[in-house]
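Student: Before we start, I would like to work through this model with you, asking at each step what justifies the words we use for it.

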Amino acid sequence: MHKATHFFTSSIGKKVIMAVTGLILIGFVIGHLIGNLQIFAAPEVINSYAHFLQSMGPGLWAVRLFLLAALVLHVWAAVQLTIENRKARPRGYDYDHTIQASYASRTMRWSGFIVLAFLLFHLAHFTVRIGPYDKYNEMTATITHQGQQIEVLDVHSMMVIGFQSPLVSLFYIVAIGLLSIHLSHGIASMFQSVGLLTNRWRNGLANAAIAISVLYFIGNALIPLSVLFGWVDIQNPSLIASL
Ligand code: HEM
């Protein structure tokens, strides 16, 4: 068999694919969180940032396709490895070994699926802005771009109005909670797959994975919670006038 094909079909190859694509996706979600935290600054800050991303044109599509490829490969390798594990023990365990597995590792599959469902909703909500959310497209604000005043999508108000719905905010917080649990186990397994989780580093890496995930959860959950508690509010004068 060709070496590259052998790599893709072997168990270790798929684990490496999971680790590498997982790392890419972690990089994205942390970068995305840092971008979103700009909601706590003046609205012009996040509106300019979103305008910058949207004006990347083909560059933005290249990044989107790269992330989509990473996500597809990540899910594909997870499904393949699950099938292989099932084949290796077709009768299942005689008793429930999962008692010894951590809560995070037992929830990897379904937390992954719920995060995927969240992602579809999230894209319809804030990126494609369809159905009840197409009204966001009419919300614009002025920013200063290269010395000129231009009208852009008012992402600040879009996020505030989006999270003023307790149900939507609750869905975000639950999904982010699951994603954080998924990350805590994923980061540790990533080190294991590439052979870095030696006995010497095990506890330190597991604690670092939990710390990253907890910080990730707090950072993200603060966004909808701050809107719900009224700490972040609409600042667009034309929207305030129409409310
Ligand atoms: C409180 C949490 C989050 C907030 C406030 C948030 C906010 C946003 C906003 C405002 C956009 C649209 C940007 C624009 O079109 O200008 C966006 C896009 C996106 N978000 Fe999130 N997001 C959150 C969590 C997440 C999570 C957990 C994921 C991944 C699992 C995620 C993945 C994405 C993706 C893939 C896009 C599309 C980027 C693109 O291709 O344009 N987001 N998010």
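Student: What makes α7 mostly covered?

Tutor: This is a predicted model, and in it eight of the nine residues of α7 are buried. They are Val155, His156, Ser157, Met158, Met159, Val160, Gly162 and Phe163, and a residue earns that word if 20 or more other C-beta atoms lie within 10 Å of its own.

Student: Which elements do the buried residues of α7 pack against?

Tutor: They pack against α3, α6, β2 (148-153), α8, α9 and α10 (237-242).

Student: What makes β2 hardly covered?

Tutor: The count of buried residues among the six residues of β2 is zero, so no residue of that strand reaches the cut-off of 20 other C-beta atoms within 10 Å.

Student: How do you know that β1 and β2 pair, and in which sense?

Tutor: Two strands count as paired if DSSP finds at least two bridges between them, and strand β1 (residues 140-145) and β2 have six bridges, in the antiparallel sense. Thr140, for instance, stands opposite Leu153 in β2. In the hairpin of these strands, which has two residues between them, Gln146 takes a positive phi near 50°.

Student: Where do these two strands fall among the elements of the protein?

Tutor: The protein has ten helices and two strands, and from the N terminus on the order is α-α-α-α-α-α-β-β-α-α-α-α.

Student: Why is Val115 called partly exposed?

Tutor: Val115, whose place is in helix α6, has 19 other C-beta atoms within 10 Å. Buried would require 20 or more and exposed 12 or fewer, so with 19 Val115 falls in between and is partly exposed.

Student: Which residues does Val115 touch, leaving aside its neighbours within four places in sequence?

Tutor: Val115 is in contact with Ala175, Leu178, Leu179 and His182, which rests on C-beta atoms lying within 7 Å. As for Val227, it is 112 residues from Val115 in sequence and 22 Å away in space, C-alpha to C-alpha.

Student: What makes a group of residues a nonpolar core, and which members of the largest one touch the most others?

Tutor: The members must be buried residues of the nonpolar kinds listed for a core, joined through C-beta atoms within 7 Å. The largest such core has 14 residues, of which Met18, Ala175, Ile176, Leu179 and Ile187 touch the most other members. Helices α2, α8 and α9 each supply at least two residues of this core, and α8 gives the most, with eight residues. Ile187 touches Ile26, Ala209 and Ile212, not counting residues up to four places away in sequence. Apart from this core lies another, of ten residues, among them Ile46, Ala50, Met159 and Val227.

Student: Which residues come nearest to the ligand?

Tutor: Of the 20 residues around the ligand, Asn36, Ala50, Phe126, Asn220 and Ile223 come nearest, and a residue belongs to that set if its C-beta atom lies within 6 Å of the molecule. The largest share of this shell, six residues, comes from α6, while α2 (11-36), α3 (43-54), α7 (155-163), α8 (166-193) and α9 (199-228) are among the helices that each supply at least two.

Student: How do the residues of this shell divide by kind?

Tutor: They divide into 13 nonpolar, six polar and one charged.

Note on methods: Residues are numbered from 1 along each chain as its sequence is written. This is a predicted model: local features need pLDDT of at least 70, side-chain atom pairs count only at pLDDT 80 or more; totals for chains, interfaces and linings use all residues. Helices (H or I, at least four residues) and strands (E, at least two) are DSSP runs, numbered from the N terminus. Ala, Val, Leu, Ile, Met, Phe, Trp, Tyr, Cys and Pro count as nonpolar, Asp, Glu, Lys and Arg as charged, and the others, Gly among them, as polar. Two residues are in contact if their C-beta atoms, placed from the backbone, lie within 7 Å.
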